[in-house]
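Here is a short briefing for someone meeting this structure for the first time. Please look over the sequence and the model before reading on.

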Amino acid sequence: AAILGHGTLGKLSGGAWKPALAPARNQIGKDSTPQSRRADLADSRAKTVGYFSGCAGRMFGAADGSDDLPTVITRLLGKAGLEVRLPKEVNGLCCGQPFHSKGLFDTATAKANELEAALVDASEGGRLPILFDASPCALRMRQHLGNRLTVADFGEFAHDHLLPRLKLEPLSEPVALHVNCSAR
């Protein structure tokens, strides 16, 4: 698919091959399009954004004592002039993706509902967009929430809202980037 393209591969295989995941931007609620969701984010160019750090980002900090992911992202948002609203009791919150992956669907739904309640509060009833630093969490909550709250994956939020606000200086060393399935 990377070489031939999804459409060509589908035609060559007689329709037997289909991508396992549609692009994350197409996974949001039925009434929402990427353009309308982007407009929601553009309208919220205010100075505040809700931020939820996924379980992995909170649990697996840097072993060398450097800053963990939530600290780095909060600092980056601050440099862009954005105030950050975190959900209360964030350490006990989870989107439910790990439970869903293991077939524990009731637990997954309960965790997503619990996170939703915290995000409603952190987003001032949905007025603020919620930034997720983990694409699987963003995708899971987009599917769970539909259009009830505006959820932004870090990559798309950085592109749309951080790049215009920050002055970046190129690095001379290479950077490794892993784009996971949920982000694609």
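The points below run from the overall fold to the cores, the helix pairs and one loop residue.

This is a predicted model. The protein has 184 residues, and 37% of them count as buried. Its secondary structure comes to eight helices and four strands.

**Overall layout**

- Along the sequence, the elements follow the pattern α-α-β-α-α-β-α-α-β-α-β-α.
- Many contacts span long stretches of sequence: among those between residues at least 6 apart, 65% join residues at least 24 apart.

**Nonpolar cores**

- The largest nonpolar core holds 16 residues. Within this core, F52, L115, L119, F132 and M141 touch the most other members.
- Three elements each supply at least two residues of this core: α6 (105–122), β3 (130–132) and α7 (135–145).
- Another core lies apart from this one. This other core has 12 residues, including Y51, L77, L131 and A152.
- F52 has a long list of partners beyond its neighbours within four places in sequence. Among them are R58, P87, V90, L93 and C94. F52 is also in contact with L115, L119, I130, L131, F132 and D133.

**Helices α6 and α7**

- What angle do α6 and α7 make where they pack? The angle is about 85°, and the axes are 11 Å apart.
- That angle falls in the range from 65 to 115 degrees, so α6 is roughly perpendicular to α7.
- From α6, the contact is made by A108, T109, A112, N113, L115, E116 and L119. From α7, the residues are R140, M141, H144 and L145.
- By class, this contact of α6 with α7 has six nonpolar, three polar and two charged residues.

**Helix α7 in its surroundings**

- Is α7 mostly covered or mostly exposed? Helix α7 is mostly covered, with nine of its 11 residues buried.
- The buried residues of α7 are S135, C137, A138, L139, R140, M141, R142, H144 and L145.
- M141 appears in three roles. M141 is buried in α7, takes part in the contact with α6, and is one of the core residues that touch the most other members.
- G146 follows α7, and its phi is positive, near 60°.

**Helices α4 and α8**

- Helix α4 covers residues 69–79, and helix α8 covers residues 154–162. The two pack at an angle of about 20°, with their axes 12 Å apart.
- The angle is under 35 degrees, so α4 is roughly parallel to α8.
- The crossing of α4 and α8 is left-handed.
- Which residues meet between α4 and α8? I73, L76 and L77 in α4 meet F154, F157 and L162 in α8.
- By class, the contact of α4 with α8 has six nonpolar, no polar and no charged residues.
- L77 of α4 takes part in this contact, and L77 also belongs to the core of 12 residues.

**Loop residue K88**

- K88 sits in the loop between β2 (83–85) and α5 (97–101).
- Is K88 buried or exposed? K88 has a relative accessible area of 59%. The cut-off for exposed is over 50%, so K88 is exposed.
- K88 touches L93 and D121, not counting residues up to four places away in sequence.
- K88 and A118 are 30 residues apart in sequence, yet 6.5 Å apart in space, C-alpha to C-alpha.
- L93 is a partner of K88 and also of F52.

Technical notes
Residues are numbered from 1 along each chain as its sequence is written. This is a predicted model: local features need pLDDT of at least 70, side-chain atom pairs count only at pLDDT 80 or more; totals for chains, interfaces and linings use all residues. Side-chain values use heavy atoms; hydrogens and water are left out. Axes are lines fitted to C-alpha atoms, for helices over the stretch in contact, and angles run from 0 to 180 degrees between N-to-C directions. Angles under 35 degrees count as roughly parallel, over 145 as roughly antiparallel, 65 to 115 as roughly perpendicular and the rest as oblique. A crossing is left-handed if the near helix is turned anticlockwise from the far one by less than a right angle, and right-handed if clockwise. Contact means heavy atoms within 4.5 Å. Ala, Val, Leu, Ile, Met, Phe, Trp, Tyr, Cys and Pro count as nonpolar, Asp, Glu, Lys and Arg as charged, and the others, Gly among them, as polar. A nonpolar core is a set of buried Ala, Val, Leu, Ile, Met, Phe, Trp, Tyr and Cys residues joined through side-chain atoms within 4.5 Å. Buried means under 20% relative accessible area, exposed over 50%, partly exposed in between (1.4 Å probe, protein chains only).
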